[in-house]
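Please open the structure in your viewer and keep the sequence panel visible beside it. The tour proceeds by selections, each followed by a description of what is found there.

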Amino acid sequence: VGRRKRQTFQSATHKLFTVMTSSKEQSSPPPPPIRYDLYRGHPNNSLLPTLEIQSILSSCAKDKDSLTRALKYGTNEGDDALLSALRSFIEKRTVHDDGSSDTTSSGFFITSGVSHGLELLCATCTNGGEVWVERPTYFLAPKIFQSHGLVVKPLPMLSDRLDLNKSDGCGTDTEYTEWAVQPDQDIIGRIDIDKLIQMVEHNGVPPPKMMYIIPSYHNPTGRSMTVAEREKLASFAIRNGILLVADEVYHLLDWERELNADGQTRTDDTSNQTTSRRPAGMIHFNTNAETATATLKGCCISVSSFTKIFAPGIRLGWIQAPPFIIQRLISHGYIISQGGVAPFTGRLMTNAIESGLLDSYLNKLKMEYAQRCDLVCDLLKVEPRIVVLTHNSPIKRGGGYFLWVQFPFGVDSDALLAFSMNDYGVKFMPGSRCDPFAGEDDDNGSSGALIKCCARLCFADLDRDELVDATKAFIQAFRSFVDR
């Protein structure tokens, strides 16, 4: 009996070893190392405000009274000094925005960033229902909504109107053809507001609880909505009791992109409806008579942070909204329990604003990112089959961290990514990663097919020399993939 047990054990051990060995031999080799990362939306280490933070800490340490207050529990909505400084800072930086209006009736609420702001708005202003988002959109936002039981659905997009079966600028599944979207078209990432109004106000489609948009220097497309689009969308949301949540983290991180022949900034070109003025944030398009109420009604809400205009590790942001939204946030049990958000970090940023340090640092970032953006765009010009769709925006300003590029219709950006990483060590974000509805094109028109042949490139993360090499390698990977 003992011998049979040993034989059985030895046989089982041999089989296990054989399975493990076979599995190890059949496993795929490790992926090649990534040499150039155009995927990650982070600032370069050289652009982090290390010296500025040292100066702020030194200054705050000298003011014992304010330092003591900052080390205690804070007020629910945020420290008064920070709220006052923040309002003044934003008003000063946006006073010349196109469509700017008096927003003194709106309130501010301090958060730990945009994601925290979205989390709080979902927790306090929704209880199930739907949230409609752009297509494409910020790729991590839908997870926040879904964690609160909200059903994420696509807003109607202008790109849904394209018929990909036509021969004029569209293709087949077996060959790469000319552009599905012409280089001068402003379609991908643009909400079809007329269809939205038709759906809800005429066809009886129930409105969502919330709409989530990125109106300024969109992630991933880089597009900015016009003033007319903002007014029309805001009016629709207010009429239909919808919370229109605008992620405006890139609103202040922008620069003028086009000049006239005489070198002066082009202010307005009525012939083609373009402008170099930055449109005002969505909070400016609230109608006071319709939003100043104690009940939850439709309105525009801005969520933003210091992440892009100072440093991600600061983990401090804000919500700007009508008073009844701010009151819901203040009354939220989680906020009441914790005693405000990040009072110590808030004290640091109050100092940064009041001393003028944030202004000077933001100006430095704007210049650096403008140069980086131009650098990549100039390099991409050598390959006309890669079109920078970001430039199609009627707002002739650059901003944010990203460029949105389109390949010829039929080029699958997921397949190109795999090839690019394996053969050239270049990583970028394929369009499908920014599409929460990828694979649902039978129900959602042509947007998904177009997004699939697009990609997002980040120009903020790499060193400049690496950025040049990465862009050149990206172009070479594309050429090798398409021409093989």
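The tour begins with the whole chain, continues through two sheets, and visits individual residues on the way.

**Before selecting anything**

This is a predicted model, in which local features need pLDDT of at least 70 and side-chain atom pairs count only at pLDDT 80 or more, while totals for chains, interfaces and linings use all residues. Residues are numbered from 1 along each chain as its sequence is written, and side-chain values use heavy atoms, with hydrogens and water left out.

**The whole chain**

Select the protein chain and display it as a cartoon: there are 17 helices and 15 strands. Helices (H or I, at least four residues) and strands (E, at least two) are DSSP runs, numbered from the N terminus. Of the 484 residues in the chain, 53% are buried; buried means under 20% relative accessible area, exposed over 50%, and partly exposed in between (1.4 Å probe, protein chains only).

Now switch to a surface display. The chain exposes about 22,100 Å², and carbon and sulfur atoms supply 51% of it. Accessible areas come from the Shrake-Rupley method with a 1.4 Å probe, and for residues only the protein chains shown count as cover.

How much of the contact total comes from residues 24 or more positions apart? Such residues account for 80% of the contacts with a separation of 6 or more, where contact means heavy atoms within 4.5 Å.

**The seven-stranded sheet**

Return to the cartoon and select the strands of the open sheet, whose order is β2-β9-β8-β6-β5-β3-β4 and whose pairing is mixed. Two strands pair if DSSP finds at least two bridges between them. The edge strands are β2 (107-111) and β4, each of which pairs on one side only. Neighbouring strands of this sheet are turned by 25 degrees against each other on average, direction ignored. For such angles, axes are lines fitted to C-alpha atoms (for helices over the stretch in contact), and angles run from 0 to 180 degrees between N-to-C directions.

Next, select β5, residues 210-213. In a regular strand the side chains alternate between the two faces of the sheet. Met-210 and Tyr-212 lie on one side of β5, Met-211 and Ile-213 on the other, and all are buried.

Add the neighbours of β5. Strand β3 (residues 130-133) pairs with β5 in the parallel sense over three bridges, and Val-133 stands opposite Tyr-212. Strand β6 (residues 243-247) also runs parallel to β5, joined to it by four bridges; Ala-246 is the bridge partner of Ile-213. From β5 the chain passes through α8 to β6 in a right-handed β-α-β crossover. A crossover is right-handed if, with the strands pointing away from the viewer, the path from the first strand over the helix to the second runs clockwise.

Moving to β4 (residues 151-154), one finds four parallel bridges to β3, with Trp-132 opposite Lys-153. Helix α6 (residues 141-146) completes a right-handed β-α-β unit with β3 and β4.

For antiparallel pairing in this region, select β8 (residues 299-305) and β9 (residues 317-321), which share four bridges. Here Ser-304 stands opposite Trp-318.

**A loop residue: Asn-219**

Select Asn-219, in the loop between β5 and α8 (227-239). Is this residue buried or exposed? Asn-219 is buried, because its relative accessible area is 6%. The residues it touches include Thr-137, Tyr-250 and Phe-402. A polar contact of 3.0 Å joins its side chain to that of Arg-456. A polar contact is a pair of N or O atoms within 3.5 Å; within protein, one must be able to donate a hydrogen and the other to accept it, and residues adjacent in sequence count only if both atoms are side-chain atoms.

**The four-stranded sheet**

Finally, select the open sheet with the order β10-β12-β15-β14 and antiparallel pairing. β10 (387-388) and β14 (429-430) each have a single partner strand, so one side of each is left without a neighbour in the sheet. Helix α13 (residues 357-380) packs on this sheet, touching β10, β12 (402-406) and β15, and its direction makes about 20 degrees with that of β12. Two antiparallel bridges connect β14 to β15 (residues 454-458), and Pro-430 stands opposite Ala-455.

Terms used:
Lists of a residue's contacts leave out its neighbours within four places in sequence.
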